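Dear colleague,

Please find below the structure that I am handing over to you. A summary of the findings follows it.

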Amino acid sequence: MTITKPVILSKASAVFLDRDGVINEEVNYCHKINDFRFVDGVIETLLLLQEKFTFLIVITNQAGIARGYYSEEQFNELTEWMNSRLKKAGVNITHVYYCPHHPAGIYPYNIDCECRKPKPGMLISAINDYNIDPDTSLFIGDKRSDIEAAIAAGISTTWLMGTGHQVSPDDKELSDDFFSSMRDVQEYLTLKNIF
């Protein structure tokens with residue numbers, strides 16, 4: 001009788017990133033290439049993070065789709081452009097998860113879904129799809145709802161950025177660290193041996 005041991009695949013780590021206000025400058029309902037500007041220092045920061053984590057995954061609410069400001073096709077076109085620009089710089093985005101829903105939106109997007117942050121649906125999907133260990137992963141966002149979604153999904157470390165929406169002292173307290181710029185994140189990653 002042969003006894004075989006089960007194969008246990010080691011779990012991966014990930015950096016989960018909000019898009020608007022973290023990767024690109026905050027523009028209300030950004031959906032045009034001409035309006036898309038990378039946050040200062042974000043590409044260099046992503047290159048550093050890519051050395052420490054298995055995956056870079058974007059987790060973004062896109063209520064503009066639900067409100068009829070732009071289509072999923074337009075969102076996908078901008079996403080492809082963003083990913084290609086990042087790839088040329090050496091940054092590989094593994095996956096972009098997006099929520100097109102909003103309760104006040106238009107049909108068929110006007111639902112109270114489980115994917116819209118602060119609910120953790122997109123994060124849970126990513127964790128399951130890519131066999132990610134939340135205990136060795138990081139979420140970087142610019143709003144309280146980002147941090148709340150990460151906590152709900154069990155992500156061990158959360159960083160709040162001052163590069164997008166205004167944040168309150170309570171928001172900063174909820175996250176593990178606050179950074180006012182991507183240059184500050186770069187310095188932190190360079191000086192501290194983390195993860």
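In what follows, two residues are in contact when heavy atoms of theirs lie within 4.5 Å. Please note also that this is a predicted model.

I begin with confidence. The pLDDT averages 94 over the protein, and 94% of the residues score at least 70. Residues 1–8 are a stretch with pLDDT below 50, and beyond near neighbours in sequence they have 0 contacts in the model. Where pLDDT is low, the predicted coordinates should not be read in detail.

Two helices were examined for their buried residues. In helix 1, which spans residues 42–52, these are Val42, Thr45, Leu46 and Leu49. Because they cover an arc of only 100° around the axis, they are on the same side of helix 1. The elements that cover them include strand 1, strand 2, helix 3 (72–88), strand 4 and helix 7 (182–191).

In helix 4, residues 121–129, the buried residues are Gly121, Met122, Leu123, Ala126 and Ile127. Their cover includes strand 1 (14–17), strand 2, strand 3 (95–99), strand 4 (138–141) and helix 5. Strand 1, strand 2 and strand 4 are thus named in the cover of helix 1 and in that of helix 4. After helix 4 comes Asn131, which has a positive phi, near 50°.

The next item is the largest pocket, which holds about 320 Å³ of space. Its lining consists of 22 residues, of which Asp20, Glu26, Asn61, Lys143 and His165 are the closest to its centre. At least two lining residues come from each of strand 2 (55–61), helix 2 (63–66) and helix 5 (144–152). By class, the lining has 9 charged, 8 polar and 5 nonpolar residues. Strand 2 and helix 5, which supply part of this lining, also belong to the cover of the buried residues of helix 4.

Finally, I would draw your attention to Ser181, in the loop between strand 6 (177–179) and helix 7. Is Ser181 buried or exposed? Its relative accessible area is 22%; since buried requires a value under 20% and exposed one over 50%, Ser181 counts as partly exposed. Apart from neighbours within four places in sequence, Ser181 has contacts with Met161 and Thr163. Ser145 lies 36 residues from Ser181 along the chain, and 19 Å separates the C-alpha atoms of the two.

With kind regards

Notes:
Residues are numbered from 1 along each chain as its sequence is written. This is a predicted model: local features need pLDDT of at least 70, side-chain atom pairs count only at pLDDT 80 or more; totals for chains, interfaces and linings use all residues. Side-chain values use heavy atoms; hydrogens and water are left out. On a 1 Å grid over the protein atoms alone, a cavity is a set of points where a 1.4 Å probe fits but cannot get out, and a pocket is an open set with protein on both sides within 12 Å along at least five of seven lines; lining residues have an atom within 4 Å of a point. Grid points are joined across faces, edges and corners, and a volume is the space filled by probe spheres set on the points. Helices (H or I, at least four residues) and strands (E, at least two) are DSSP runs, numbered from the N terminus. Ala, Val, Leu, Ile, Met, Phe, Trp, Tyr, Cys and Pro count as nonpolar, Asp, Glu, Lys and Arg as charged, and the others, Gly among them, as polar. pLDDT is the predictor's confidence in each residue, from 0 to 100. Buried means under 20% relative accessible area, exposed over 50%, partly exposed in between (1.4 Å probe, protein chains only). The arc is that of the directions from the helix axis to the C-beta atoms.
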